[in-house]
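Biologist: I am new to this structure and would be grateful for a close look at a single part of it, namely the way its helices pack against one another. Please take the packing pairs in turn and describe each of them in full.

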Amino acid sequence: MRLQGKVALVTGSGRGIGQAIAVRLAREGARVAVEDRSDNAAAEETLAEVRDAGGDGCVIAGDISTPEVDRDVVAQAVATLGRLDVLVNNAGIEKRADFLDVTEGDFDAVLGVNLRGAFFATQAFARHVRDRDGGGAVVNVSSVHEELPFPHFASYAASKGAVKMLMRNLAIELAPLGIRVNNVAPGAVKTPINAALLSNKAELDALLANIPLRRLGRPEDVANAVAFLASEEAAYVTGTTLFVDGGLLWNYSEQ
Ligand code: BGC
């Protein structure tokens with residue numbers, strides 16, 4: 001088991017990719033703080049799956065777009081589980097709108113969770129690591145859209161591009177604390193975030209035609225990559241993005 005004795009905090013792990021990550025890390029021996037916006041049944045279900053996987057942990061509720069909440073979430077995880085070794089900044093939202101119609105409220109909501117949340121959760125985590133014996137790993141769940149334009153999702157693409165540079169910056173700045181920082185960039189994964197698209201057959205078929213491996217990603221595909229980057233097997237990996245996208249990002253062919 002690659003994370004025996006480690007403690008991980010996974011934001012947005014009440015469902016979707018975050019839930020799969022929490023369970024995967026537990027299977028590797030980690031104890032997991034299951035963070036979600038509210039202390040809901042889904043988060044409790046994730047914790048139950050973490051326990052079934054042989055791990056243990058707790059549920060922590062909080063809207064991570066607020067920096068005080070980030071500090072409180074990290075403090076609660078440390079108080080309950082003793083320490084933190086791994087932070088997975090997974091929580092993310094998207095709002096579809098033509099650029100001309102994007103509201104300030106939607107922009108703030110998307111940047112608040114996707115960027116400000118990752119930023120200040122990482123700051124709180126890094127302060128904790130500084131105050132103990134050093135060493136740790138941060139994995140951000142970004143997106144192919146940290147590189148790839150995403151028309152009608154300008155705020156989302158901007159937030160993911162920002163998380164790419166945040167990751168690169170912190171890989172350097174936090175290296176003296178022994179903290180590695182990397183991104184996992186999923187492509188099209190079947191989760192609640194894209195339920196509307198996936199329920200439309202014509203749009204789904206068009207999407208699949210764009211994916212060289214011709215299938216959607218599974219949350220577990222992403223969780224496997226996170227487990228690797230969180231573990232000692234990735235001890236020399238920092239400042240990089242691992243794409244888990246079935247080839248979507250660099251897909252190009254003529255005729
Ligand atoms: C988005 C999905 C989208 C996928 C592929 C993800 O980051 O959240 O809505 O389907 O990228 O474009």
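Modeller: In what follows, contact means heavy atoms within 4.5 Å. The model under discussion is predicted.

With that cut-off, P67, D70, R71, V74 and V78 of helix 3 meet a set of residues in helix 4, namely R116, G117, F120, A121, Q123, A124, F125, R127 and H128. Sorted by class, this contact of helix 3 with helix 4 holds 7 nonpolar, 3 polar and 4 charged residues. Helix 3 covers residues 67–81 and helix 4 covers residues 104–131; the two pack at an angle of about 40°, and their axes are 8 Å apart. Helix 3 is therefore oblique to helix 4. The crossing of these two helices, 3 and 4, is right-handed.

Helix 1 takes part in two further packing pairs, one with helix 8 and one with helix 2.

In the pair with helix 8, helix 1 (residues 16–27) packs against residues 219–230 at an angle of about 50°, with 8 Å between the axes. Helix 1 is therefore oblique to helix 8. Their crossing is right-handed. From helix 1, the contact is made by G16, I17, A20, I21, R24 and L25, and from helix 8 by P219, E220, V222, A223, N224, V226 and A227. The residues of this contact of helix 1 with helix 8 fall into 9 nonpolar, 2 polar and 2 charged.

In the pair with helix 2, which spans residues 41–52, helix 1 packs at an angle of about 20°, and the axes are 9 Å apart. Because angles under 35 degrees count as roughly parallel, helix 1 is described as roughly parallel to helix 2. Helix 1 passes helix 2 in a right-handed crossing. On the side of helix 1, the residues that meet helix 2 are Q19, A22, V23 and A26, while helix 2 contributes A42, E45, T46, E49 and V50. By class, the contact of helix 1 with helix 2 consists of 5 nonpolar, 2 polar and 2 charged residues.

To draw the account of helix 1 together, I17, A20 and I21 are among its residues in the contact with helix 8, whereas A22, V23 and A26 are among those that meet helix 2. Helix 1 is oblique to helix 8 and roughly parallel to helix 2.

Definitions and conventions. Residues are numbered from 1 along each chain as its sequence is written. This is a predicted model: local features need pLDDT of at least 70, side-chain atom pairs count only at pLDDT 80 or more; totals for chains, interfaces and linings use all residues. Side-chain values use heavy atoms; hydrogens and water are left out. Axes are lines fitted to C-alpha atoms, for helices over the stretch in contact, and angles run from 0 to 180 degrees between N-to-C directions. Angles under 35 degrees count as roughly parallel, over 145 as roughly antiparallel, 65 to 115 as roughly perpendicular and the rest as oblique. A crossing is left-handed if the near helix is turned anticlockwise from the far one by less than a right angle, and right-handed if clockwise. Ala, Val, Leu, Ile, Met, Phe, Trp, Tyr, Cys and Pro count as nonpolar, Asp, Glu, Lys and Arg as charged, and the others, Gly among them, as polar.
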